[in-house]
Amino acid sequence: MSEKILIVGAAGQIGSELTEKLRSIYGTYNVIASDINSNNESLVKSGPFQIIDAKNYDELKNCITGHNINTVYLMAAMLSASAEKNPMSAWELNMGSLFHVLNLAKDGFINKVFWPSSIAVFGPSTPKVNTPQQTIMEPTTVYGISKLTGERWCEYYYQKFGVDVRSLRYPGIISYKTLPGGGTTDYAIDIFHKAISEQKFECFLNAESTLPMMYMDDAIDATIKLMQTNKDAVSLRSSYNLAAISFNPEELANSIKKYIPEFEIQYKPDFRQDIANSWPNSIDDSFARNDWNWQYRYNLDSITKEMINGLKATFQNQQPL
Ligand code: VAH
């Protein structure tokens, strides 16, 4: 059956680049982008677009039946820092949208579902170095609690109803095409914008906050690779650990200084330091490597070059490095 895809939350950081990549593979008119509003003009103009509130079951169902959708990427969510400020709204969005999509799949309206989890499912009691796929998981953030709960429901709907739902525990994701949006790891995006525009940055985490990170292209490749994997090879229906590299703000600043020597960083930790402290330093993604041959491509230096060149071209009309 040919793929007819709906991306819910397509205007978000991952959703916008996932839309572009899926359209390059399956054809523009086989990928419907949707979000809560039409503010993202470039997305709306790039191909089929529909306003959908991910919390609204009827809007989701009408779009899925009206366009004969068979695959849904549910990318709508409120991220960690924003969720701490709006706990109930975050729970309603992150969980309500998941239940709608899982139930539509259970009732035969959708064949395959992708739902993003996060390293936020781990907490302070989780082993921090090379965090295993199965381990202690006591998240202390609203976002992490919602993602851990969601993983349990994904596995339940697979085991009880045969729903083909697949998921990845994304690390912090770095890209230049969308502005940072309420994530604790988003310092690693904002730092590049400020390095190019002001040559200085005030970081809301301390210098030693080592976190698992990944370039957007790696995250998109992993997502599509998992969704294209034969269902019998998908051994985990909660969510796969996914890793690339780990670094802290000081290491990232030193990488930027290789290309922008005058760049200066100051550290002014805020409430997001507690969130970062509760997450792992590094992740063991051997299940993803063994089940569907996962392998990242971008290291700290290549991410730094991609980000600086991308931002210069996109926002600064400046010559690349
Ligand atoms: C956040 N970028 O910071 C997200 C991510 C691992 C963190 O889930 O909330």
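**View 1. The stretch from residue 5 to residue 235, end to end.** In this predicted model, the end C-alpha atoms of residues 5–235 lie 23 Å apart. Helix makes up 43% of the span and strand 18%. Why pick out these residues? Because UniProt, in an unreviewed entry, places the feature "domain: NAD-dependent epimerase/dehydratase" at residues 5–235, and UniProt annotations may be inferred rather than shown by experiment.

**View 2. An open sheet of seven strands.** Follow the strands across and you get the order S3-S2-S1-S4-S5-S6-S10, with parallel pairing. The edges are strand S3 (49–51) and strand S10 (240–241), each of which pairs on one side only. In general, strands of a sheet pair through backbone hydrogen bonds, either parallel or antiparallel. Zoom in on S6 and S10, and you'll find them running parallel, joined by two bridges. One spot to look for is leucine 168, whose bridge partner in S10 is tyrosine 240.

**View 3. Helices lying on the sheet.** Which strands does helix H1 lie across? Helix H1 (residues 13–26) lies across strand S1 (5–8), strand S2 (31–35), S4 and S6, and it runs at about 165° to S2. Helix H8 (residues 216–228) packs on the sheet too, touching S4, S5, S6 and S10. The direction of H8 makes about 155° with that of S6.

**View 4. Helix H5, checked with a ruler.** H5 covers residues 87–106, which is 20 residues. At 1.5 Å a residue, the helix should span 28 Å, and its end C-alpha atoms are indeed 28 Å apart, so the two agree. Just after H5 comes glycine 108, with a positive phi near 85°.

**View 5. What sits over helix H5.** Quite a list of H5 residues is buried, including Ala90, Leu93, Asn94, Met95, Leu98 and His100. Further along the helix, Val101, Leu102, Leu104 and Ala105 are among the buried ones as well. What covers them? The cover includes helices H3 (57–66), H4 (80–85) and H6 (142–161). Strands join in too, among them S4 (71–74), S5 (112–118) and S6 (164–170).

**View 6. Two rings meeting edge-to-face.** The model has 12 aromatic pairs, and this view picks out tyrosine 187 and phenylalanine 204. Their ring centres are 6.3 Å apart and their planes sit at 85°, so the pair is edge-to-face; the cut-off for that label is over 60 degrees. The pair links distant parts of the chain, 17 residues apart. Tyrosine 187 belongs to helix H7 (residues 187–197), while phenylalanine 204 is in the loop between strand S8 (200–203) and strand S9 (211–215). Buried or exposed? Tyrosine 187 is buried, with a relative accessible area of 0%, and phenylalanine 204 counts as buried at 12%.

**View 7. A cluster of rings.** Here, ring pairs link Phe99, Trp153, Tyr156, Tyr157 and Phe161 into a cluster.

**View 8. Two loop residues with a positive phi.** Most residues other than glycine have a negative phi, so a positive value is worth a look. Glutamine 199 has a phi near 60° and sits in the loop between H7 and S8. At 28% relative accessibility, glutamine 199 counts as partly exposed. Asparagine 293 also has a positive phi, near 60°, and its place is the loop between helix H11 (286–292) and helix H12 (300–314). With a relative accessible area of 57%, asparagine 293 is exposed.

Key. Residues are numbered from 1 along each chain as its sequence is written. This is a predicted model: local features need pLDDT of at least 70, side-chain atom pairs count only at pLDDT 80 or more; totals for chains, interfaces and linings use all residues. Side-chain values use heavy atoms; hydrogens and water are left out. Helices (H or I, at least four residues) and strands (E, at least two) are DSSP runs, numbered from the N terminus. The expected span of a helix is 1.5 Å times one less than its number of residues. Buried means under 20% relative accessible area, exposed over 50%, partly exposed in between (1.4 Å probe, protein chains only). Contact means heavy atoms within 4.5 Å. Two strands pair if DSSP finds at least two bridges between them. Axes are lines fitted to C-alpha atoms, for helices over the stretch in contact, and angles run from 0 to 180 degrees between N-to-C directions. Rings of Phe, Tyr and Trp (its six-membered ring) pair if their centres lie within 6.5 Å; planes under 30 degrees apart count as stacked, over 60 as edge-to-face and the rest as tilted.
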